[in-house]
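Here are some comments on the model you sent, set out as numbered points. They go from the overall fold to the cores and then to single residues.

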Amino acid sequence: MDATGLHVLMVVFAATLFRSAFGFGEALIAVPLLALFISLKVAAPVAVLVSITIAAVVVVQDWRKIHFRSAGWLVGSSLLGIPVGLWLLMSSHQKAVKIALAIFIVVFSAYSLFGRKPPELKGDSKAWLLGCGFVAGVTGGAYGMNGPPLVIYGAMRRWSAQHFRATLQAYFLPASVIGTTNKLISTR
């Protein structure tokens, strides 16, 4: 095995360990670190394939804790954002796409570390579901990182840790499969 292959395996292991511990976020680790050694066009799909595998296992385990209505709206609105993200991924402006990814990660990280609690939503909000789902579709299509907008929505709903984890996986499984299918079709 060459150095690149070993690097990819180490990054995938670390990202999977992170996802196993926190229920999301493997792409936040995998995509930037993989992009150091392989192209973003390969790194993002690798992260998505890892996501599909982990999400399938969690959905089978925790299906009773899923907020199916929320997950359905988030997936549906992501379908509108995925083509925008794919366009970004396939564009000839890869340096700009990587800069946008870096800015996105820094802003989300700063918000998570220093931000106040987001406002509380007592029930599903169609506007927030559509907005977070669309942005998740864009970031998922471009970078394989659907998570940050979904984390914001889950935090606003104040879901328990079990419901949060299960509902996110119920989103990730179909969204990742759809995103991967679109990527395969668009590269032909």
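1. Helices and strands are here DSSP runs, a helix being H or I over at least four residues and a strand being E over at least two, with numbering from the N terminus. On that basis the sequence of elements in this predicted model reads α-α-α-α-α-α-α-α, and the protein has 8 helices and 0 strands.

2. As for overall dimensions, the radius of gyration is 16 Å, close to the 16 Å that the globule rule gives for 188 residues, so the protein is as compact as a globular protein of that length. The C-alpha trace spans about 50 × 35 × 30 Å along its principal axes. Of the contacts with a separation of 6 or more, 79% are between residues 24 or more positions apart.

3. On the surface and the interior, buried residues make up 45% of the 188 residues, while the protein exposes about 9,800 Å², of which carbon and sulfur atoms supply 72%. There are 16 positive and 5 negative charges, and the mean positions of these two groups are 6 Å apart.

4. In soluble globular proteins, nonpolar side chains tend to be buried together. The largest nonpolar core of this model holds 19 residues, among which Leu-74, Leu-150, Tyr-153, Tyr-171 and Phe-172 touch the most other members. At least two residues of this core come from each of helix 4 (68–90), helix 6 (126–143), helix 7 (147–157) and helix 8 (161–186), and helix 8 supplies the largest share, with 5 residues.

5. Leu-150 shows how such a core member is surrounded: leaving aside neighbours within four places in sequence, Leu-150 is in contact with Leu-74, Ala-136, Phe-164, Leu-168, Tyr-171 and Phe-172. A second, separate core has 18 residues, including Val-8, Ala-27, Leu-40 and Tyr-143.

6. Which residues does Ser-51 contact, leaving aside its neighbours within four places in sequence? They are Arg-19, Glu-26, Phe-172 and Ser-176. Ser-51 is found in helix 3 (residues 40–62) and has a relative accessible area of 3%, under the 20% limit, and therefore counts as buried.

7. Val-42 also has its place in helix 3, but its relative accessible area is 43%, and because this value falls between the limits of 20% and 50%, Val-42 is classed as partly exposed. Val-42 and Ser-109 are 67 residues apart in sequence, and their C-alpha atoms are 24 Å apart in space.

8. Gly-85 lies in helix 4 and, at 0% relative accessibility, counts as buried. Not counting residues up to four places away in sequence, Gly-85 touches Val-138, Gly-141 and Ala-142. Between Gly-85 and Ala-27, which are 58 residues apart in sequence, the distance from C-alpha to C-alpha is 15 Å.

9. A last point concerns backbone geometry. Most residues other than glycine have a negative phi, yet Arg-158 has a positive phi of about 60° although it is not a glycine. Arg-158 is found in the loop between helix 7 and helix 8, and with a relative accessible area of 34% Arg-158 is partly exposed.

Key. Residues are numbered from 1 along each chain as its sequence is written. This is a predicted model: local features need pLDDT of at least 70, side-chain atom pairs count only at pLDDT 80 or more; totals for chains, interfaces and linings use all residues. Side-chain values use heavy atoms; hydrogens and water are left out. Buried means under 20% relative accessible area, exposed over 50%, partly exposed in between (1.4 Å probe, protein chains only). Contact means heavy atoms within 4.5 Å. A nonpolar core is a set of buried Ala, Val, Leu, Ile, Met, Phe, Trp, Tyr and Cys residues joined through side-chain atoms within 4.5 Å. The radius of gyration is taken over C-alpha atoms; the globule rule is 2.2 Å times the number of residues to the power 0.38. Accessible areas come from the Shrake-Rupley method with a 1.4 Å probe; for residues, only the protein chains shown count as cover. Lys and Arg count as positive and Asp and Glu as negative; His and the chain ends are not counted. The place of a charge is taken as NZ of Lys, CZ of Arg, CG of Asp or CD of Glu.
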